[in-house]
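Good morning, colleagues. I would like to take you through one structure today, beginning with its covalent links and ending with its ligand.

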Amino acid sequence: MTFRLNTLLLFAFALQFNSVYGEEPESGSAEPTHNVKLPKFTPYTVSNPVFWEQFTDGLEPVWKRSRAAKQGKDEDRYDGEWAVEEVQELAGIAGDKALVVKSEARHHAISARLSKPFDPALGGLVLQYEVKLQQTLNCGGAYVKLLTAPMKGEFSDATPYTIMFGPDKCGESKLHFIYRHANPITGKYTEHHLQKPPLPPTDGMSHLYTLAIYTNNTFVVSIDGTERKTGSLLEDFDPPVNPPKEIDDPEDSKPADWVDEEKIPDPDAVKPDDWDEDAPAMILDEDAVKPDGWLEDEPLMVPDPEAAKPSDWDDEEDGDWAPPMVPNPRCIDADGCGPWKRPQKRNPDYKGKWSPPLIDNPAYKGKWTPRRIANPDYFEDLAPYKLAKIDAIGFELWTMQAGITFDNIYLGDSVELANRIADDVWKPKHDSELAVLEETNPKPAQQPQSKLARLLELFTVRLEDIAASVKGFYARAQQQGIVEAVRQDHSGAIAVVMAAGGLAWLVWNILSITRYIASLGTPAAVPQPSLPADSQPERSDSAKASSSARADSSKAVNRKGKKA
Ligand SMILES: *[C@@H]1O[C@H](CO)[C@@H](O)[C@H](O)[C@H]1NC(C)=O
């Protein structure tokens with residue numbers, strides 16, 4: 001049983017190694033390898049948008065690359081390259097240009113100013129854009145930031161934003177939706193993160209991300225035109241936009257005479273007369289008798305009777321020769337040799353130190369909690385949709401893989417317009433990509449997926465995430481040093497530890513399989529993993545449960561370790 005499960009896991013691991021460390025996908029060939037006739041790109045006109053970008057005219061003068069230093073640190077400049085170019089991988093539209101992230105393991109920042117600041121308070125906000133991952137993305141962001149007006153200086157991570165929205169993947173993927181809201185009393189901004197954000201797709205197709213914020217404080221997040229999350233700006237964010245009315249009084253402290261000991265030793269209890277605190281824990285076992293076969297006069301070690309003084313031994317130089325000591329052969333079958341000692345045993349009268357029993361403390365006042373006072377920073381904003389005005393759209397990203405591609409960015413306040421763009425621009429592209437995909441990878445005849453296949457898939461997806469995090473962490477550590485890498489990428493560091501554990505586990509598996517083969521006595525025959533596991537439903541269920549538990553814990557790590 002154990003052996004079969006191990007073989008199965010090993011097999012999953014082998015698959016994994018092949019897919020992670022096997023051949024890199026080729027990139028850069030624009031030659032179509034299929035016969036699908038792609039529709040030709042034609043510009044799409046949008047009437048009165050706040051912002052509409054199809055990248056037909058290159059970067060300048062709308063888009064401005066940032067050369068700022070990240071967090072003011074010179075070694076962390078935004079030196080990643082950007083390009084406006086035709087899509088190379090799985091193009092759906094002929095001659096369709098897009099904005100492409102060009103450098104691996106670099107910070108990238110680019111922004112475009114709006115012709116005038118946009119005020120979401122007037123009629124809500126609708127943001128929509130396409131993301132296409134031309135290379136497999138293991139670690140990198142693909143989110144957009146709407147930069148708060150007035151935008152000052154070069155765009156960097158320090159530039160205030162009003163909304164951050166879009167996919168992000170480093171190990172775990174998620175779709176960020178963060179808004180920054182100003183406390184009307186202190187003016188201080190706080191980031192509010194959407195709770196339980198949806199999972200973005202990670203394939204190489206063009207995907208459409210839409211965020212709509214309405215003047216009734218509700219929002220809708222859609223992927224490819226399908227609603228994926230709806231809710232309220234007032235309720236579904238962490239921390240909530242409105243702070244608590246009351247807080248613990250920071251001035252209040254526990255009175256010196258407060259009694260918070262719930263139990264005390266009974267003051268009336270007395271030590272029983274027969275309680276001997278001095279009785280030892282162990283005593284000699286008086287019932288023990290020396291075994292008959294104990295040879296009291298025989299030493300444990302004796303001089304080796306067969307040893308002879310070497311012929312080249314020089315008593316002058318080497319000292320007196322003495323034979324080496326060996327275990328006394330007479331003791332081998334005896335019960336023991338040398339002086340016999342009476343063994344010790346547990347003392348039945350041992351009680352140890354007496355202590356009085358615990359009773360309820362009559363002076364107990366309960367757990368102390370500070371007084372509650374009105375929160376001096378309290379406010380109630382019932383219209384958080386009236387977000388800070390927006391001056392520019394920006395991408396500020398770190399990525400381990402190049403080829404992240406953005407297109408058809410719409411900003412405005414019309415859901416109808418966004419839907420029309422989805423139907424007229426994204427949908428035909430999507431359909432064409434699907435046709436190309438179908439032609440290049442004909443689908444195998446649909447087979448019902450076995451429990452084992454699903455299980456393997458679960459394992460490989462998790463392992464892929466871990467391998468991606470390890471690779472990302474390694475690259476970061478090379479660039480920034482191990483300490484900085486651990487500081488910036490907790491989930492990566494944890495993945496390294498998990499991978500090390502996994503490796504140990506792998507070695508252990510190989511050892512146990514080797515042992516198994518050896519026990520068969522036919523070292524030449526390597527057993528094939530036995531696949532049909534449908535006969536053991538309980539096992540795959542529990543394996544699934546542990547795999548999803550791991551996914552949950554790594555999610556928690558991700559949340560904590562993530563820089564916004
Ligand atoms: C909020 O407004 C939007 C757009 O007008 C509407 O579709 C939605 O149903 C409203 N939600 C609530 C809870 O009123």
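**Disulfides, two buried strand residues and a ligand**

The link of Cys331 and Cys337 is left-handed, with -110 degrees about the S-S bond. Please bear in mind throughout that this is a predicted model, and that the angle just quoted, like every other value in this talk, is computed from it.

Let me stay with that link for a moment. The sulfur atoms of Cys331 and Cys337 are 1.9 Å apart, and the two residues form a disulfide. Are these two cysteines buried or exposed? Both Cys331 and Cys337 are buried.

How many disulfides are there by the distance rule? The count is two. The other one joins Cys139 to Cys170, with 1.8 Å between the sulfur atoms. This link, too, is left-handed, at -65 degrees about the S-S bond. Cys139 belongs to strand E7, residues 139–141, and Cys170 to strand E9, residues 161–170, so the disulfide ties together parts that are 31 residues apart in sequence. Cys139 has a relative accessibility of 3%, which is under the 20% limit, and therefore counts as buried. Cys170 also falls under that limit, at 12%, and so counts as buried. If the bonded cysteines of the chain are numbered in sequence order, the pairing reads 1-2, 3-4.

I turn now to the chain as a whole. It has 564 residues, and buried residues make up 41% of them. Its secondary structure consists of seven helices and 27 strands. Of the contacts between residues at least 6 apart in sequence, 76% join residues at least 24 apart. The chain exposes about 32,300 Å², and carbon and sulfur atoms supply 54% of that area.

Two strand residues illustrate the buried part of the chain. The first topic is Ile110, which lies in strand E5, residues 106–118. Its relative accessible area is 0%, so Ile110 is buried. Which residues does Ile110 contact, leaving aside its neighbours within four places in sequence? They are Leu59, Trp63, Lys64, Arg65, Ser66, Trp82, Leu99, Phe155, Ile393, Gly394 and Phe395. As for Glu81, it is 29 residues from Ile110 in sequence, and the C-alpha to C-alpha distance between the two is 9.5 Å.

The next residue is Asp407, in strand E27, residues 404–412. With a relative accessible area of 3%, Asp407 is buried. Again leaving aside neighbours within four places in sequence, Asp407 is in contact with Glu53, Gln54, Phe55, Asp96, Lys97, Ala98, Tyr129, Glu130 and Lys429. That list includes the charged residues Glu53, Asp96, Lys97, Glu130 and Lys429.

Finally, the ligand. Which residues surround it? They are Tyr214, Asn216 and Thr218. Asn216 also provides a polar side-chain atom that lies 2.4 Å from an oxygen atom of the ligand. On its own, the ligand has 360 Å² of accessible area, and the protein covers 31% of this.

To recapitulate: the predicted model has two disulfides, and the cysteines Cys139, Cys170, Cys331 and Cys337 are buried. Ile110 and Asp407 are buried as well, while Tyr214, Asn216 and Thr218 surround the ligand. Thank you for your attention.

Definitions and conventions
Residues are numbered from 1 along each chain as its sequence is written. This is a predicted model: local features need pLDDT of at least 70, side-chain atom pairs count only at pLDDT 80 or more; totals for chains, interfaces and linings use all residues. Side-chain values use heavy atoms; hydrogens and water are left out. A residue is near a molecule or strand if one of its heavy atoms lies within 4 Å of it. A polar contact is a pair of N or O atoms within 3.5 Å; within protein, one must be able to donate a hydrogen and the other to accept it, and residues adjacent in sequence count only if both atoms are side-chain atoms. Accessible areas come from the Shrake-Rupley method with a 1.4 Å probe; for residues, only the protein chains shown count as cover. A disulfide is a pair of cysteine sulfur atoms within 2.5 Å. Helices (H or I, at least four residues) and strands (E, at least two) are DSSP runs, numbered from the N terminus. Buried means under 20% relative accessible area, exposed over 50%, partly exposed in between (1.4 Å probe, protein chains only). Contact means heavy atoms within 4.5 Å.
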